[in-house]
Amino acid sequence: MKTRIAVFVMLIVALLVTACQPGAAGSGDKIKIAILAPLSGPVPTFGVSTRDGALLAIEEANAKGGVLGKQIEAVVADSQCTPDPAVNAINKVYEQDKVHYVVGEVCSSASIPISEIAEKNKIVMISPTSTNPTVTLNADGSTKKFVFRACFIDPFQGTVMAKFAMDKGFKTAFIMFDQGNDYVRGLAEFFEKAFTEAGGTIVGKESYTKTDTDFSAILTKVADSKAEVLFVPDYYNIINLVGAQAKEKGVTAVMMGGDGWDSADLDLSAADGGFYSNHYSPEDTRPIVQEWVANYQKKYNSVPDALATLGYDATSLMIAAIAKAGEDDPTKVAEAMAGLEYEAVSGKITFDAQHNPIKSAVVLSVSGGKIGFDASVAP
Ligand code: PHE
C-alpha cells in the first residue's frame with residue numbers, strides 16, 4: 001500500500017513539474033498571444049477597444065478548437081501608447097510569459113520601438129492600427145521579417161484626405177501637428193505633399209507638443225490665414241481641445257484629420273463639421289461587417305469602432321498564420337503570415353513586400369452629434 005502511495009505521489013509530482021516547464025516555443029499545452037494596448041495613458045479608449053476586439057477573436061477561435069489543436073491564451077499588457085511603457089510591456093510578455101506572438105501596439109510611436117525588440121528576438125508582431133510606414137521597416141529600408149500590420153499606411157491616408165479636401169473644392173489648408181508624435185508628424189507631412197501635388201496651397205503650418213492644452217495662439221494664426229481646411233491629424237484627446245477652442249475663436253476652416261479621431265470619447269460638438277479618414281465603417285453593408293457588428297454588440301453592448309475591428313482582424317490574422325505554419329515556430333509563422341490571403345472584416349488582406357496590406361479607406365463626417373459615412377476610397 002505504502003509503495004502504491006509513493007508511486008502515486010511521484011506521478012503527481014512528475015506531472016506538476018512537466019506542466020510548470022517554462023514554455024519554449026513548441027512546448028506547453030496552450031498557445032499564448034499577447035495583446036499590447038494602451039489601457040491607460042492619453043488614449044485609453046484605443047486600448048479598451050483593441051483588447052476587446054482581440055479577445056473576441058481568441059474566444060471565437062477557442063470555441064472552434066483553438067489552433068494547432070491547442071487552446072489560445074491571451075496575455076494582456078498595458079503599453080500606454082508611449083515608447084517606454086510599451087518596451088517594458090513587450091519585454092515582460094517575452095521574458096516572463098514566454099510569448100512569441102504579439103498583437104500591438106496601437107500607436108505608431110509605441111509600435112516603432114517594440115518592433116525592433118520583436119525583430120531582434122524573433123517575436124511575430126502584428127500591429128492592428130499603427131499606420132506610420134517605419135513600423136515594418138529597418139533603418140536601411142528593408143522589411144522587418146517578423147513585423148506586420150493589419151492596416152493601411154499614412155502616405156495613403158494623407159493622400160485620401162488631400163484628395164477629399166480638393167474634391168470638396170477647398171484649395172487652401174493650414175496644418176497643426178504634434179512634432180513629437182511619429183504618427184501625427186508623418187501624416188501631416190504626407191497630407192502636405194499630396195495636397196500640394198494636387199494643386200492646393202498650405203497657408204500655414206504650426207507644431208505643438210503633447211503637453212500643450214491651450215492652442216489659442218495657433219488658432220489665431222489659422223483664423224488670420226483664412227484657410228479653408230484645418231488639418232489636425234492627432235488623437236481624439238487633442239481634437240477635443242483643438243475643436244472646442246477653434247469654435248470659441250470663430251475659426252471657419254473645416255477641420256479634417258485621420259484615424260486618430262476614432263473614439264467613443266471624441267467630443268462630437270467640438271469636432272462638428274469635421275471629416276476624418278478611417279479603416280472601416282459599421283454602416284458597410286458587406287455581410288462579414290454586419291455579422292461582426294452584431295457579434296460584437298451581443299458581447300459588449302456597443303458598436304465596434306475601427307480599433308476593435310482591427311484588433312479582431314489582427315488577432316485573427318495571427319491565428320490564421322499559426323494555423324498555416326502548422327507549427328508553433330515563430331520563424332515559420334512569420335513566413336506563413338507574409339504569404340497569407342485573408343478575408344478580414346476590414347477588407348481582404350494580402351501583404352505587400354513591406355508587410356503592409358493594400359486596403360481601402362473610408363471618410364467619415366461628424367455632423368449634428370453623429371458620425372456618418374461619407375466616402376470609400378480604394379488605393
Ligand atoms: N494610426 C494611429 C497611429 O499609427 C493609431 C490609430 C489607429 C488610432 C486607428 C485610432 C484609430 O498611431
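## Loops, a sheet and a buried helix

N301 counts as exposed, because its relative accessibility is 73% and the cut-off for exposed is over 50%. This residue belongs to a predicted model, where N301 is found in the loop between α9 (287-300) and α10. Its phi is near 65°, a positive value in a residue other than glycine.

K98 is another residue of this kind, with a positive phi near 60° although K98 is not a glycine. Its place is the loop between α3 (83-95) and β3, and K98 is partly exposed, with a relative accessible area of 36%. The table sets these two residues side by side.

| Residue | Phi | Relative accessible area |
|---|---|---|
| K98 | near 60° | 36%, partly exposed |
| N301 | near 65° | 73%, exposed |

### Helix α10

After the loop that holds N301 comes helix α10, which covers residues 306-325. How far apart should the ends of its 20 residues be, at 1.5 Å a residue? The expected span is 28 Å, and the end C-alpha atoms are indeed 28 Å apart, so the two values agree. Of the 20 residues of α10, 18 are buried, and the helix is therefore largely enclosed by the rest of the structure. At the N-terminal end, D305 acts as a cap, with a side-chain oxygen 3.2 Å from the backbone nitrogen of L307. Just after the helix, G326 takes a positive phi of about 75°.

### The sheet and its helices

In what order do the 5 strands of the open sheet lie? The order is β2-β1-β3-β4-β5, and the pairing is parallel. Strands β2 (71-78) and β5 (147-149) form the edges, each pairing on one side only, and from one strand to the next the twist averages 20°. Within this sheet, β1 (residues 30-37) pairs with β3 (residues 101-104) in the parallel sense over 3 bridges, and I35 stands opposite V103 in β3.

Helix α4 (residues 108-121) packs on the sheet, where it touches β1, β3, β4 (124-127) and β5, and its direction makes about 160° with that of β4. Helix α11 (residues 330-338) lies across β3, β4 and β5, and runs at about 40° to β4.

The loop between β3 and α4 holds E105, and the peptide bond leading from G104 to E105 is cis, with omega near -20°.

Note on methods
Residues are numbered from 1 along each chain as its sequence is written. This is a predicted model: local features need pLDDT of at least 70, side-chain atom pairs count only at pLDDT 80 or more; totals for chains, interfaces and linings use all residues. Side-chain values use heavy atoms; hydrogens and water are left out. Helices (H or I, at least four residues) and strands (E, at least two) are DSSP runs, numbered from the N terminus. The expected span of a helix is 1.5 Å times one less than its number of residues. Buried means under 20% relative accessible area, exposed over 50%, partly exposed in between (1.4 Å probe, protein chains only). A polar contact is a pair of N or O atoms within 3.5 Å; within protein, one must be able to donate a hydrogen and the other to accept it, and residues adjacent in sequence count only if both atoms are side-chain atoms. Two strands pair if DSSP finds at least two bridges between them. Axes are lines fitted to C-alpha atoms, for helices over the stretch in contact, and angles run from 0 to 180 degrees between N-to-C directions. Contact means heavy atoms within 4.5 Å.
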